[in-house]
There are 4 protein chains.
Amino acid sequence: METNLTGIIAAPYTPFDENGEINLKIISKYADYLKKNGVSGAFVCGTTGEGLLMSIEERKAVAAEWMKHRDDQFKIIVHVGATSYKDASSLTRHACEIDADAFSAMGPLFLKPDHVDDLISYCQEIAQAGASKPFFYYHIPSVSGVNLPMVEFLNKAESKIPNLAGIKFTHNNMMEMQLCMNLNDKKWNILHGQDETLLAGLTLGAKGGVGSTYNYMAPLYIKIIEAYNNGDIESAANYQLLAAKFISYLIKYGGGVIGGKPLMKLVGVDCGQLRTPCRNNTSEDIKEFEKAIMALDLLQYFHQS
Amino acid sequence: METNLTGIIAAPYTPFDENGEINLKIISKYADYLKKNGVSGAFVCGTTGEGLLMSIEERKAVAAEWMKHRDDQFKIIVHVGATSYKDASSLTRHACEIDADAFSAMGPLFLKPDHVDDLISYCQEIAQAGASKPFFYYHIPSVSGVNLPMVEFLNKAESKIPNLAGIKFTHNNMMEMQLCMNLNDKKWNILHGQDETLLAGLTLGAKGGVGSTYNYMAPLYIKIIEAYNNGDIESAANYQLLAAKFISYLIKYGGGVIGGKPLMKLVGVDCGQLRTPCRNNTSEDIKEFEKAIMALDLLQYFHQS
Amino acid sequence: METNLTGIIAAPYTPFDENGEINLKIISKYADYLKKNGVSGAFVCGTTGEGLLMSIEERKAVAAEWMKHRDDQFKIIVHVGATSYKDASSLTRHACEIDADAFSAMGPLFLKPDHVDDLISYCQEIAQAGASKPFFYYHIPSVSGVNLPMVEFLNKAESKIPNLAGIKFTHNNMMEMQLCMNLNDKKWNILHGQDETLLAGLTLGAKGGVGSTYNYMAPLYIKIIEAYNNGDIESAANYQLLAAKFISYLIKYGGGVIGGKPLMKLVGVDCGQLRTPCRNNTSEDIKEFEKAIMALDLLQYFHQS
Amino acid sequence: METNLTGIIAAPYTPFDENGEINLKIISKYADYLKKNGVSGAFVCGTTGEGLLMSIEERKAVAAEWMKHRDDQFKIIVHVGATSYKDASSLTRHACEIDADAFSAMGPLFLKPDHVDDLISYCQEIAQAGASKPFFYYHIPSVSGVNLPMVEFLNKAESKIPNLAGIKFTHNNMMEMQLCMNLNDKKWNILHGQDETLLAGLTLGAKGGVGSTYNYMAPLYIKIIEAYNNGDIESAANYQLLAAKFISYLIKYGGGVIGGKPLMKLVGVDCGQLRTPCRNNTSEDIKEFEKAIMALDLLQYFHQS
C-alpha cells in the first residue's frame, strides 16, 4: 500500500504525571512544539513512547490524543505491537477507527520466530485487522531481539499482506536497508530509524526517518537534509557529526529512551518519569548531561529559530 | 513468605479450539489427567501456557478455570508477567481474588533492565499488588532475555518485597541455583525449572520442579525422585537419561512449547494449535515424533499405571 | 604516526597449492591484477588472507613475497595479529625488516579483554616491536569478538602507542566510525572496512577502504569513489547498490572469505582451497554463484577496461 | 581410543618469571604440590595455562617439563589447540614424542565453523598427527565461541578420528553431557570440566574432571567424590556448596584464570603474572580475595592434611 511519509518524524515520549499515570493534556503543547520545529509526523506508542509499558486502554487514549493534532503536514503512525496478536489487533482496529495515517508493529517479544514465514504470519494477523490502512513492519532487533532477513520478508510478505507499506528500519545493516529501498522499483517505503546515521541513509535513498532525538533536536536533522539536498555533503556530514557527538553523550545517560526523556523538560514539554523497569536518571545526572549539551553548543538546535 | 510447593508441578499448555480461541472446557479433563499422574500443581499461563500470547481477559479466564480444580494436593501458581506492570498488577489482583496459591512474573520483555535494582523495582510494583500471596520471580533467561545475578536479587529484594517466596529457576547455572537454595538458612523456595536436569537439582537440594514435559511424562520424573530418595542414584540417572533422550528429540521438533503441545492429544487432552508467532508442527512431523517416542519405549511413562 | 593510505586497498586471499601449502609463485600475477584494476595497496595475512590459519613462518613468507611487488602506488600493510603477543611481536619485527608500509593487529582471540585498557596493553606490546612503522588497530568484532569503544581506545592509546596511525574499521557502527575520523583534528587514519557501505563511509569522511571484494571487483568501487568525488551521489548509490546485490549473493555462498576465494580463479588468479576449519564450496555451488554474477551483469567490474 | 583418565585433574597455570618469560623451574614444586593433594593428572597449556598466549616453542617446553613429573598416578594431557592446524599438528607431534598420555584441542578461534562436519575436519587434521595417542575434543564454548552439538560430533567423528577418546566437557549443558557419556555403551571418556558442578556431573556418570580450582583446592573436590562414593549426597552437596561460595568470589576477581593464578603464590607455588591481554589483579585485590577465603574457612582445603 502506498504512503507518502517523508521528512523528520518524531517518536514521541509518552507523558506521565507525578503519579505515573498518562498525562494527556501535555500532548497539545508537545505537538505544537514538534510542528514548530519542522517535524512532519509522530510515530506514537513505540519504543521511545514506552508503548508496551502501557495497558491497551492507555495506548488507545494516547493515540487518540495525538490524532487531535494530526494534519496533512503532521501525520500520525500508531505502533500497535504487543506480545499477543489479540492485543495488537485490538490496537489496530482502534488505529483505524481514529483514522491514523498508518500503523506498525515490532517483531514479537515473546516466543520469538526463527523464520521469516512465522514473522509474516504474525504480521499478517495484525495487518488484516486494519486492512484499509498502511502497515509498517518495525524492524528494531536491539529492542525486539527479532533479526530476520528483511529482503526476504518484503518479497514473501508482498502477496500475503496487501496493506504492507514498508519497514521502519531501525538497524545498523545499511546494505540490507539499501536493498529493501530498491526492491520492486522502489515500491516500499523504508523509514530510516537510526538518527545517528541519517546522512548515510539519505545517500542510499531514504526520504525520511523516525527517531527519538527528533523529539528535541529536529532542526539539526533538517539541516542535514537541506545540506544533502543542496549537494553540500560536507556540511551535511558536519551536522551529522554534531548529532553523533550528542548521541555519544546520550548513550552515557541511558540512550534515546532513558537519556532522552528528561530533555523534553528542557524544551518546555515536561513528560515526567519513565515507567518501571526503566531506571530514571537522577537530577544530578540530568544536570550534568545538560551541561554537556551546552558545552557542545547544541541548544541552538533544540528550537527552530 | 513461606510456601510449601514441592514435587512435580506442570506448566500446562493453554487449550485453544479450532478457531484459536481459549477452550476452557478441556481443563477439567486436563487437571484430572495431571492429578492421576502424580502431579502436585500447575504453573498456569507461563511460557508453556503461551501466557503472553493471550489478552489479559483470556489469561484471567484460564487461571480462574484452573482454580476450580485446585486442592491441597494440587496447587495453582498463576504467571502474571506482562510487558506493562499495569497489566501484571491487574493479573496479580485477579490471582488474589481467585485465591491462587502463589503468583509469579518473568523478567520484563520490553526495555529490559541491566541492573538488579531495576528488576527489583519492577517485581516490587507487581508483588505489592498481591501482598497477601507468595510471589516467585521467574528466572528464564532463554525466554525473557533477562539474566541478572539471582543471589544478589534475593539478598536485595528481601527487604523490598515482603511476599517474595523464591524463584522459579529455569536456567542452566546450577552453581547459582545451589547458592540461592542455601541463602539465609534455606529460606527461599527455589523451584527447579529444567526438566532435563532434575536429578542434578535434587542433589543440590531442590524439593520439586516446574516444567513442560511434566504435563505428559510426570511418572518418569516421579521415578527419578523416588529413586533419588531411596539412595539409588544409578536408577535415578537412568531415568534421567531417558528424559534426556526424549528431550533431545523434543528439541528437534521445536522444544517444550512447540514440540510438546501436540503430545497432549496423544494422552487424550487435545490442546489444539499454538498461537502465532509460534509455528505448529505438521501432522507428518508429529507422527514422526510419536514414532520416536514409541521406539524409545517411553509411552509407559505417559500414564501412571 | 601519520600515513597516507587511501583508495581501494585489497585484503588478498592467500594462495594455497593442491597440497594446501602456500603458493607464493601466484602472488606476482595477483599483484599485477590488482594494480591493473586500480587497487592502491594490500592488507596481507588478515581475515581474508586466512592469516591465523598459517604458521608464523608461512605468514612471514607470504608477507615477504607481497613486498616484492610494493611500490608507491601499491602499499603493503601486514597483519600481525596472533593469539600470543610473542608471535605477533615476531611478525611485527619481520614486517619492519621487510620494510612494510604499516602493520596491524586484530583484537585478541583468546582470553579476550573486557576493558579498553587491557586491549591497549596488548596493542602496546605489539606496536612497540615495530616502533618505526605505523600501527593500525584492526577493529573487526564479527571475527575477533572484541567490541570495545573505539573513541576511548584512540584517546587513551594516543600517549601509550606513539606509532598508532589509526584503525581498520570493519564494523557497522557508522556513528563510532565518524567520531573516530573526526577526533583531534582528523588526526587518525580510519580505513573503512565494510565494502557494502563504502559510500556511507565516504560521506562521513573516509578516504579509502580495505576489503575482500576489492580483490576482484575494485573497478566497481572505484566508480563509487569517482561518482562521489564528482558530486553525483545518485550514480554512486547505484554502483553501491550493485555491490550490495552482489554481496547478498556472496553471503549465501559463505561470505567474503569462503564465498569470495573461488572467484579469484574466475579472474585468472587461482588461489586454491581454503584451509580447515573453513568449508570449501563445491564446484556446483561455485558455478551457481558465477551464474548469478553473470545474471547481475557484474563481470564488467571484475576487470578494468 | 580407550583411556583411563579419572579423578581430579588440574589444568595448571603456566609459571612466568618477573620478565614474563616461562619459568620452568617452578614446575617440579608445582607437580609435587598437586600430587600431595591427590590430583591425578595435569591438562597442560589449556585455557588456565594461557596456552595460546605462548609461542609454539614455549608450549613445547612447558609440556616437556611437565612430562618429567608424569607417573602412573599423575597423567599428562597436552592441549595442542591453535588457530592454525599447522601449529596444532606440530604441537601434537611433539606431544607424541614426549609420550604424553593424551592430547586435546579446543574449537578453532579464528574463522569458526558453523557445522559439526567442519569442526570434525579440523579435529581430524590435528588428531591424525598423533594417531598413536588418544585425542580429546575440548568443548569450552565460553572461551572458544564454538558451540556445536556434541552428540552429533561424537557419532560422526567416530569413524573419521580413530584415536578420538572423548571430550573435555566444559559447558553448562548437563543434558548433553549425560547423553555423551551414555553413547555406544559408555564408550567415550567425558571429562567433566566445570568445577562448580562436579557433584551434578558425578550423579550423571562422570568419573573425573579437569578444572582450574583443582590446582589449589583439590582436597575439597576429593571430599565431594568420597562422600558421593559413600552414598552421602548431603555431605557431597555441602562440600559442593563450599566450592560454589568460593567460585562466586573467584568470579568477582576475574574467574578461574585471572582470579585464580595469584592464589598459587598462597600455596607456595608462585606462578607470576598473567600475560597480556589478561589483566592482573592488584595486590590490594588479591589481599581482599584472600581475606574472603579465610572468612569462608577454606584454607583447610588448600592442602591435604
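The following paragraphs describe two annotated residues of chain A and their surroundings in a predicted model.

Confidence comes first. The mean pLDDT of chain A is 97, and 100% of its residues reach 70 or more. The model as a whole scores ipTM 0.97 and pTM 0.97.

An unreviewed UniProt entry carries the annotation "active site", and this annotation covers A:Tyr138 and A:Lys168. The two residues are spread over 31 residues of sequence, yet they cluster in space, with a largest C-alpha distance of 4.7 Å.

A:Tyr138 belongs to strand E5, which runs over residues 135-139 of chain A. A:Tyr138 counts as buried because its relative accessible area is 3%, and the cut-off for burial is under 20%. Residues up to four places away in sequence aside, A:Tyr138 touches A:Phe43, A:Thr47, A:His79, A:Ser104, A:Ala105, A:Met106, A:Gly107, A:Lys168 and A:Thr170. With A:Thr47 there is also a side-chain to side-chain polar contact of 2.8 Å.

A:Lys168 is found in strand E6, residues 164-169 of chain A. With a relative accessible area of 4%, A:Lys168 is likewise buried, by the cut-off of under 20%. Outside its neighbours within four places in sequence, A:Lys168 is in contact with residues that include A:Phe136, A:Tyr137, A:Tyr138 and A:His139. These four residues fall within the range 135-139 of strand E5. The other contacts of A:Lys168 are A:Phe43, A:Leu191 and A:Val210.

Read together, the contact lists place A:Tyr138 and A:Lys168 in contact with each other. A:Phe43 appears in both lists, touching A:Tyr138 as well as A:Lys168.

How values were computed. Residues numbered from 1 in each chain as written. Chains lettered and ligands numbered in written order. Predicted model: local features only at pLDDT ≥ 70, side-chain atom pairs only at ≥ 80, totals over all residues. Heavy atoms only, no water. pLDDT = per-residue confidence, 0-100. UniProt positions renumbered as here; feature names shortened; annotations may be inferred. Helix = DSSP H or I, 4+ residues; strand = E, 2+ residues; numbered from the N terminus. Buried < 20%, exposed > 50% of the residue type's maximum accessible area, 1.4 Å probe, protein only. Contact = heavy atoms within 4.5 Å. Polar contact = N/O pair within 3.5 Å; in protein donor to acceptor, adjacent residues only side chain to side chain.
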